[in-house]
Number of protein chains: 2
Amino acid sequence: MSKPYVVGIDIGGTNTVFGIVDARGSILATGSIKTQKYTEITDYVNALHEELSRLLAQENVTDQIAGIGIGAPNGNYFNGTIEFAPNLPWKGVIPLAQMVREKFNIPVTITNDANAAAIGEMTYGAARGVKDFIMITLGTGVGSGIVINGQMVYGHDGFAGELGHVIVRRGNGRLCGCGRTGCLEAYTSATGVARTAREFLELRNDESTLRQLPIQEITSKDVYDAAVSGDKLSQEIFEYTGTILGEAFADFIAFSSPKMIVLFGGLAKSGELIMRPIREAMEKNLLAIYKGKVKLVLSELKESDAAVLGASALGWEAS
Amino acid sequence: MSKPYVVGIDIGGTNTVFGIVDARGSILATGSIKTQKYTEITDYVNALHEELSRLLAQENVTDQIAGIGIGAPNGNYFNGTIEFAPNLPWKGVIPLAQMVREKFNIPVTITNDANAAAIGEMTYGAARGVKDFIMITLGTGVGSGIVINGQMVYGHDGFAGELGHVIVRRGNGRLCGCGRTGCLEAYTSATGVARTAREFLELRNDESTLRQLPIQEITSKDVYDAAVSGDKLSQEIFEYTGTILGEAFADFIAFSSPKMIVLFGGLAKSGELIMRPIREAMEKNLLAIYKGKVKLVLSELKESDAAVLGASALGWEAS
């Protein structure tokens with residue numbers, strides 16, 4: 001076999017993006033289909049097969065694919081399934097790994113999107129050579145992928161690593177999308193930051209450029225822009241969000257004592273605005289034996305490539 | 001070599017207990033020395049060598065020892081050291097594994113006492129054949145040993161698994177022995193239960209047989225005895241303690257999705273009095289995907305034997 005490649009497939013609620021990747025993490029070519037267009041999973045797999053086959057033929061690497069890795073919401077590594085994913089068109093348990101394997105006759109591995117991001121970071125990014133780290137994805141939700149002793153943590157059922165749903169405010173916490181209250185995600189996702197903005201604006205009287213916007217439409221991006229422009233209230237929102245994250249990280253560290261925590265996703269791009277309060281709250285709240293030991297870093301993968309790279313890294317594992 | 005044995009050494013603040021154990025977890029013989037008697041570590045190791053050698057000769061198994069496992073407060077698996085253990089006579093970093101290895105010329109492995117308990121449970125106890133579980137030790141403090149995919153979790157520095165020091169009450173939590181506030185240990189250790197009793201008695205006016213005791217001298221054992229005799233306030237203390245544990249366990253499960261949580265130590269012996277509120281709070285607080293999946297069980301090791309058995313199990317690993 002000539003130079004081997006893997007395929008990474010990132011399934012999102014809107015789009016499915018796939019790419020052909022070499023062993024060094026260079027993307028040879030990418031393509032995509034609309035996830036929402038296919039209400040039947042068989043139609044979806046057929047469309048994926050058609051488009052991906054065309055891309056492989058076009059790049060002349062059809063016979064050089066060692067494995068296919070798939071990152072998907074609620075993807076289960078052990079079962080090769082997507083299970084009860086609220087934002088995908090297919091309900092119940094979908095045996096996707098098997099369906100894709102039968103089409104391509106290539107090994108296929110699946111996991112959830114945050115785990116795929118962690119594997120990508122370990123294979124090509126900031127966590128190369130790091131055996132113990134935690135990946136935190138700060139997007140619409142808060143996800144996590146945990147690596148211990150060089151291995152992805154899947155847990156007994158493949159569903160480990162839901163750190164967006166540890167409870168950071170007991171008793172009177174915010175309602176979370178999962179139906180419980182006080183989850184980390186309810187405070188530190190992009191949506192959480194927007195909620196904090198609305199709370200601050202309603203409960204306080206100090207000036208803020210955010211008051212020029214319709215309150216229900218404020219996004220985390222608006223808060224970021226205002227904070228960068230010097231808006232004090234917006235800066236406090238980042239302080240508040242980062243503090244909650246840093247406190248939670250101190251607890252995560254007491255669990256697995258990682259060498260590194262890697263942040264990824266929209267909010268992480270706010271740079272020091274969010275990193276400083278996280279770092280300060282984390283260090284302040286750490287048990288003495290962990291202080292000063294844990295690196296807090298930003299993902300080194302480009303956000304547009306990261307999902308496909310992460311999934312592709314899983315493809316090497318499948319092969 | 002004839003039938004192989006291992007030696008397990010459990011180093012406590014008061015006593016050091018050692019035992020000769022076979023592959024099925026049967027203890028052939030045990031001995032002990034006073035830990036506190038030896039302020040110099042070399043004197044301690046000499047005394048340990050002398051007593052243990054005598055026991056091995058007496059049992060006629062001197063040449064049949066495959067390895068020595070040591071469980072000790074602040075024992076570090078990677079470094080083979082005891083590091084800054086507050087309750088032991090030797091300060092700083094003690095290279096104990098090396099010192100014992102040089103005396104006996106047998107492989108020696110060391111870890112902290114809660115990890116040793118987890119390894120014991122996995123080798124001889126309730127967690128046999130279970131690849132993903134968390135051991136929680138409820139004693140004077142609250143310790144933990146985490147097993148993921150059949151492997152002990154040590155973290156990048158050997159100090160993973162300090163779940164007694166995750167924060168369960170933010171902001172105005174109780175002062176913990178670690179110097180921070182709101183730790184799980186400050187509420188659910190034996191000392192924590194006694195503190196709860198004093199708080200309840202001081203803040204409330206309802207009757208309790210506990211009021212017959214000098215308030216500063218109430219122990220968790222007193223609370224247990226009163227609860228079993230039908231004392232409502234004491235039963236509420238168990239309810240309160242178990243609820244805090246169950247809430248914390250729900251967060252631990254979101255981390256590693258274990259198949260089982262094993263409870264060990266004095267408080268765990270309270271049986272259903274503590275197990276029922278833990279189970280209820282845990283299930284109530286679990287993210288939907290984990291509900292009904294995690295077994296909550298009591299250790300199957302006799303408390304008098306468990307520490308030595310746990311340490312001895314590590315001896316097989318050393319061999």
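Modeller: Before we start, a word on pairing: two strands pair if DSSP finds at least two bridges between them. The model in front of us is a predicted one.

Colleague: Good to have that settled. What is the strand order of the open sheet in chain A?

Modeller: In chain A the order is β3-β2-β1-β4-β8, which gives an open sheet of 5 strands with mixed pairing.

Colleague: And what makes β3 and β8 of chain A the edge strands?

Modeller: Each of them, β3 (27-34) and β8 (108-111) of chain A, pairs on one side only. Neighbouring strands in this sheet are turned against each other by 15° on average, with direction ignored.

Colleague: How do you know that β1 and β2 of chain A pair?

Modeller: DSSP must find at least two bridges. Strand β1 (residues 5-11) and strand β2 (residues 15-21) of chain A have 6 bridges, in the antiparallel sense, so they meet the criterion for pairing. Within this pair, A:Val6 is opposite A:Val21 of β2(A).

Colleague: Which strands of chain A does helix α2 touch?

Modeller: Helix α2 (residues 96-104) of chain A packs on the sheet and touches β1, β4 (65-71) and β8 of chain A. The direction of α2 makes about 155° with that of β8(A). Angles over 145 degrees count as roughly antiparallel, so that is the word for these two directions.

Colleague: Over to chain B. What is the order of its open sheet?

Modeller: Chain B has an open sheet of 5 strands, ordered β3-β2-β1-β4-β8, and its pairing is mixed. Its edge strands are β3 (27-34) and β8 (108-111) of chain B, each pairing on one side only. From one strand to the next, the twist averages 15°.

Colleague: How do you know that β1 and β4 of chain B pair, and in which sense do they run?

Modeller: The two strands, β1 (residues 5-11) and β4 (residues 65-71) of chain B, are joined by 6 bridges and run parallel. At least two bridges are needed, so this counts as a pair. B:Tyr5 has B:Ile65 in β4(B) as its bridge partner.

Colleague: What angle does helix α9 of chain B make with β1(B)?

Modeller: About 130°, with α9 (residues 303-318) of chain B lying across β1, β2 (15-22), β3, β4 and β8 of chain B. Roughly antiparallel starts over 145 degrees and roughly perpendicular spans 65 to 115, so this angle is oblique.

Colleague: Why is α3(A) called roughly perpendicular to α9(A)?

Modeller: The axes of α3 (residues 113-124) and α9 (residues 303-318) of chain A come within 7 Å and cross at roughly 75°. The range for roughly perpendicular is 65 to 115 degrees, and therefore α3(A) is roughly perpendicular to α9(A). By class, their contact has 8 nonpolar, 4 polar and 1 charged residues.

Colleague: Which domains does the assignment give for chain A?

Modeller: Domain 1 (5-121 + 304-318) and domain 2 (129-299). Their centres, taken over C-alpha atoms, are 28 Å apart. The contact takes 15 residues from domain 1 of chain A and 18 residues from domain 2 of chain A. About 1,200 Å² is buried between these two domains, 64% of it from carbon and sulfur atoms.

Colleague: How many residues of chain A are in contact with chain B?

Modeller: 39 residues of chain A, in contact with 39 residues of chain B. The buried area between the chains is about 3,300 Å², with carbon and sulfur atoms giving 57%. A:His156, A:Arg170 and A:Phe255 supply 25% of what chain A buries against chain B, more than any other three residues.

Methods:
Residues are numbered from 1 along each chain as its sequence is written. Chains are lettered from A and ligands numbered from 1 in the order in which they are written. This is a predicted model: local features need pLDDT of at least 70, side-chain atom pairs count only at pLDDT 80 or more; totals for chains, interfaces and linings use all residues. Side-chain values use heavy atoms; hydrogens and water are left out. Axes are lines fitted to C-alpha atoms, for helices over the stretch in contact, and angles run from 0 to 180 degrees between N-to-C directions. Helices (H or I, at least four residues) and strands (E, at least two) are DSSP runs, numbered from the N terminus. Angles under 35 degrees count as roughly parallel, over 145 as roughly antiparallel, 65 to 115 as roughly perpendicular and the rest as oblique. Ala, Val, Leu, Ile, Met, Phe, Trp, Tyr, Cys and Pro count as nonpolar, Asp, Glu, Lys and Arg as charged, and the others, Gly among them, as polar. Contact means heavy atoms within 4.5 Å. Domain bounds come from an automatic or database domain assignment. Buried area is the accessible area (1.4 Å probe) that two parts lose on being put together, summed over both.
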